[in-house]
Each structure stands twice: as C-alpha cells, then as structure tokens.
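Biologist: Could you pick one part of this model and take me through it closely, then follow the chain outwards from there? Please explain each term as you go, as I am still learning them.

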Amino acid sequence: NNTSLVLAIELAPGGDVLLFAADAQVGNWLSWQSLSWQVNGNTVTGPDLLKRAIFYKVGHHGSHNATLKQQGLEEMVNLRVAMIPVDHEMAVKKRWGKMPLDDLVTALGKQAKGIVLRVDQPKPQVTNGEAVVEDPLFYEVTF
C-alpha cells in the first residue's frame, strides 16, 4: 500500500488541490513532508499541497493508518469535501476491523465543515454552499 500512486491535482497553478490518496499509509504521509518541486519558477511542497486541498478522497477505506492527523488532516485547512470509499457492512463481513475509523470520520467532518461523503450512506445535508448531487453510482460535487 505504501507504493500506491497518490495524485494531488492543482486546479490552477498555486490554486486549489484535489487529493486522491489511494491506499497510502503512514509512511507515505511522512515522506510528503520533505518533498518539493519547481513548477513555473515556484517551489511547491508536500505540506503546501495539503494546505490547498479542497477535496480529499480518503485513503485506504478510512482505516486506522490511512490518514495522519498531524502532518496530514490537520494541514488540510481549506478542506471542503472528504469522500470515503467504504461499505462498513462489507468491511465487517471481511473482518477488516473498524472501517471507516469512527475518530477519523469525526475529524473529517470537522475539517471538511460537515461534508463527508460515503458510498454506504446517503448524502449529508449541505449547508456551506457546495452543490452535491447523489446518484446510485456516483456523487457529483460542484464548488
């Protein structure tokens, strides 16, 4: 899982970021702290990308080692939507433990101002101006 492809997509240079963490675990998150790139004469760092993340596809089905609190979720100060790809009942049947982790779901709700989308639950009430459309196969989020 620590070799998963993680994508941070800037919507514009220096702008909002969509973060897709795949199955990244603790080792991945820690390694991002020291990464930097030169883009159009500007330095972009791992922590900078986390700070600008407005959408986070939660890693590893919301497991206990998939999202760091420090050097991770706490750095996502602009987070507006988090999405957890998990079916809790199936996770229980597979004996995968607590997926998603309750503490993580609570922390995501606070950091993302209440918009936490899960494939196993209906769409939450959206009160902060985001537009979320629910379909049986997908969510559509408009910022």
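Modeller: Let's start with Leu5, which sits in the segment before β1. Helices and strands here are DSSP runs numbered from the N terminus, with H or I and at least four residues for a helix, and E and at least two for a strand. This is a predicted model, in which local features need pLDDT of at least 70 and side-chain atom pairs count only at pLDDT 80 or more, while totals for chains, interfaces and linings use all residues. Residues are numbered from 1 along each chain as its sequence is written, and side-chain values use heavy atoms, with hydrogens and water left out.

Is Leu5 buried or exposed? Its relative accessibility is 66%, so Leu5 counts as exposed. With a 1.4 Å probe and protein chains only, buried means under 20% relative accessible area, exposed means over 50%, and partly exposed lies in between. Leu5 still has company: setting aside residues up to four places away in sequence, Leu5 touches Phe20 and Ala22. Contact means heavy atoms within 4.5 Å. For a longer view, take Val105, which is 100 residues from Leu5 along the chain; their C-alpha atoms are 23 Å apart.

One of those contacts deserves a stop. Ala22 lies in the loop between β2 (17-20) and α1, and Ala22 has a positive phi of about 50° although it is not a glycine. Most residues other than glycine have a negative phi, and most peptide bonds are trans. Gln71, in the loop between β5 and β6, is another non-glycine residue with a positive phi, of about 60°. With a relative accessibility of 35%, Gln71 counts as partly exposed. The bond from Met99 to Pro100 is a cis peptide bond, with omega near -5°; Pro100 belongs to the loop between α3 (88-93) and α4.

Back towards the start of the chain, Asn28 belongs to helix α1 (residues 26-32). Asn28 has a relative accessible area of 9%, so it is buried. Beyond its neighbours within four places in sequence, Asn28 is in contact with Asn1, Asn2 and Ser4.

Now for the sheet. Five strands make an open sheet in the order β1-β2-β5-β6-β7, with mixed pairing; two strands pair if DSSP finds at least two bridges between them. β1 and β7 (116-118) are the edge strands, each with a single partner, so one side of each has no neighbour in the sheet. From one strand to the next, the twist averages 15°. Helix α4 (residues 102-111) packs on this sheet, where it touches β5, β6 and β7, and its direction makes about 135° with that of β7. Such angles run from 0 to 180 degrees between N-to-C directions, using axes fitted to C-alpha atoms, for helices over the stretch in contact.

Within the sheet, β5 (residues 53-57) and β6 (residues 81-84) run parallel and are joined by three bridges, with Val81 as the bridge partner of Phe55. β6 also pairs with β7 in the parallel sense over three bridges, and there Ile84 stands opposite Arg118. In a regular strand the side chains alternate between the two faces of the sheet. Both faces of β6 are covered: Val81 and Met83 are buried on one side, and Ala82 and Ile84 on the other.

Finally, let's visit a pocket. On a 1 Å grid over the protein atoms alone, a pocket is an open set of points where a 1.4 Å probe fits, with protein on both sides within 12 Å along at least five of seven lines, and lining residues have an atom within 4 Å of a point. The largest pocket has a volume of about 270 Å³, a volume being the space filled by probe spheres set on the points, which are joined across faces, edges and corners. Its lining includes Val6, Leu19 and Trp32. α2 gives the most to this lining, with three residues.
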